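Colleague: I would like to learn how to read a model like this one. Could we take it feature by feature?

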Amino acid sequence: MARKVFISVLGSTNYGTCKYEFKEKGFISQDVRFIQEATLQMLNAKEWGNNSAGYICVTSGDKGSYELNWKDNGHKDRTSGCFIHCEGLETRLTRLKLPFKIEPILIKDGNDKDEIWEVFDTIFKLLKDDDEIYFDITHGFRYLPMLILVLSNYAKFLKNIKVKSITYGNYEARKDGIAPIVEITSFSVLQDWTSAANEYVEYGRTKKISKLIIEDSESNIEDSKSFIENLKEIEGVFITCRSKQIKSGKVFNKFNEYLKGFKNQTKIEPLVPILEKISKANTSFNNNGNLLNVCAAIDWCYNNNLLQQAITMGQELILSIFIDLLPDIDERIKTKKNFRTAINALLTNDKVFNREVNWHESMLEYESFLVKAMSNKIFESFRQKETQS
């Protein structure tokens, strides 16, 4: 079972108390000084497994957050100079009686590039393979939100983590003593879709898109399983050069219909242009069932360095063109595998194969026709015919 991991940074300010509200879940906390306490309650961390973990990043020294806010009574009254009696975050989290341990983790102040990279490395080392991460970025340094987004993307690749939540408590926006908890997990989701879209547009790979559809808890696509099967089929037609399916164009038409529904339902507005770019990658394919779709697939494979697939589909395209042009051949025969194999042998002058193929030796009578057919006029007439269909 994957660990659930809560990660937050504790600042050194003497925080005032307020209630924190997360409207999406109908949650409102009691009066608290620390957002971490409210966030863990909002996340229902009491129900997490005992293999879960919590890490509070703190700074050291007399003015560091470990002494001032992790421990009790860390702040002094400005007038009297006496310590103010107040519970630190360690005590407050102990009162929650969570089923897992929450540890303070010392980090650098981040005063220069080297220290920022040390912070990055420290947090990254806390993560294990397949962790589910919950980030609170309310406090800490100005670079922290960027660091978390970059680090999470890095860890997704190296440790297969999942970012389940990124939130912050907007204390400055409080009204009547209530401050909102704001969720920005969609920033991480957008990064994932950007990467997935690039894999599809550039390489025809659909694995990442399929994974995102499965993980998308807000998706209301009625038949997401069919969508995922459609994605697998698209990847298959390119990788294994299924010219027949490419020619029909149905697989691409289905994809665009599913994608249209997904686009209309997403709550992440910046995701829409990405989905449109994915859809645009299929605009070269029509639903008329003609060989121009194979031409488009060859262009796509060539432009994306899938040269072997382009060559294979090119050979299949030439074979299909010649078979379509053969006179007085029943359409049922044209679709037979052994018929296409025999024609391919003729085109490639495979003499060994020709000797072995004795089931239809009369096919050799087409050899002179096929040689004559290898001219630009044939291809020109083919394109005109396909364009008009």
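**Reading the features**

Modeller: Start with a single residue. Ser152 is found in helix H5. Keep in mind that this is a predicted model.

Colleague: Does Ser152 count as buried or exposed?

Modeller: The general idea is a cut-off: buried means under 20% relative accessible area. Ser152 has 0% relative accessibility, so it counts as buried.

Colleague: Which residues does Ser152 touch, leaving out those up to four places away in sequence?

Modeller: Ser152 touches Phe135, Ile161, Val163, Ser188 and Gln191.

Colleague: And Asp192, where is its place?

Modeller: Asp192 sits in helix H6. Not counting residues up to four places away in sequence, it touches Asn153, Lys156 and Leu212. Take the pair with Lys156: the two residues are 36 apart along the chain, and their C-alpha atoms are separated by 9.4 Å.

Colleague: How do I read contacts for the whole protein?

Modeller: Look at sequence separation. Of the contacts in the protein with a separation of 6 or more, 64% are between residues 24 or more positions apart. For burial, 43% of the 389 residues count as buried.

Colleague: How many helices and strands are there?

Modeller: The protein has 18 helices and eight strands.

Colleague: Let us take one helix. How do I check the length of H12?

Modeller: Compare the expected span with the distance between the end C-alpha atoms. Helix H12 covers residues 292-303, twelve residues, so at 1.5 Å a residue it should span 16 Å. Its end C-alpha atoms are 16 Å apart, which agrees.

Colleague: Which residues of H12 are buried?

Modeller: They are Asn293, Val294, Cys295, Ala296, Ala297, Ile298, Trp300 and Cys301. Just after H12, Asn305 takes a positive phi of about 65°.

Colleague: What does helix H1 look like by the same reading?

Modeller: H1, residues 35-42, is mostly covered, with seven of its eight residues buried. The buried ones are Ile35, Gln36, Glu37, Ala38, Thr39, Leu40 and Met42. Asn44 follows H1 and has a positive phi, near 55°.

Colleague: Now the nonpolar cores. Which residues have the most contacts inside the largest one?

Modeller: Read a core as a set of buried nonpolar residues joined through their side chains. The largest has 41 residues, and those with the most contacts inside it are Trp193, Tyr200, Ile209, Ile213, Phe238, Phe255 and Ile278. Helices H6, H7, H8, H10, H11, H12 and H13 each supply at least two residues of this core. H12 gives the most, seven residues.

Colleague: What does Phe238 touch?

Modeller: Leaving out residues up to four places away in sequence, Phe238 touches Phe252, Phe285, Ala297, Trp300, Cys301 and Gln309. Apart from the largest core lies another, of 28 residues, among them Phe6, Tyr15, Cys18 and Ile102.

Colleague: Last, cavities. How many of 30 Å³ or more does a search of the whole structure find?

Modeller: Read a cavity as space where a probe fits but cannot get out. The search finds two of 30 Å³ or more. The second largest holds about 30 Å³ of space. Its lining is Ile7, Ser8, Val9, Ile123, Phe135, Asp136, Ile137, Leu144 and Ile148.

Colleague: Which elements give two or more residues to that lining?

Modeller: Strand S1 (4-9), strand S6 (132-136) and helix H5 (144-159) do. S1 provides the largest share, three residues. By type, the lining of the second largest cavity divides into seven nonpolar residues, one polar and one charged.

Note on methods. Residues numbered from 1 in each chain as written. Predicted model: local features only at pLDDT ≥ 70, side-chain atom pairs only at ≥ 80, totals over all residues. Heavy atoms only, no water. 1 Å grid on protein atoms, 1.4 Å probe; cavity = no way out; pocket = protein on both sides within 12 Å on 5 of 7 lines; lining within 4 Å. Points joined across faces, edges and corners; volume = space filled by probe spheres on them. Helix = DSSP H or I, 4+ residues; strand = E, 2+ residues; numbered from the N terminus. Nonpolar A, V, L, I, M, F, W, Y, C, P; charged D, E, K, R; others polar. Expected span 1.5 Å × (residues − 1). Buried < 20%, exposed > 50% of the residue type's maximum accessible area, 1.4 Å probe, protein only. Core = buried A, V, L, I, M, F, W, Y, C linked by side-chain atoms within 4.5 Å. Contact = heavy atoms within 4.5 Å.
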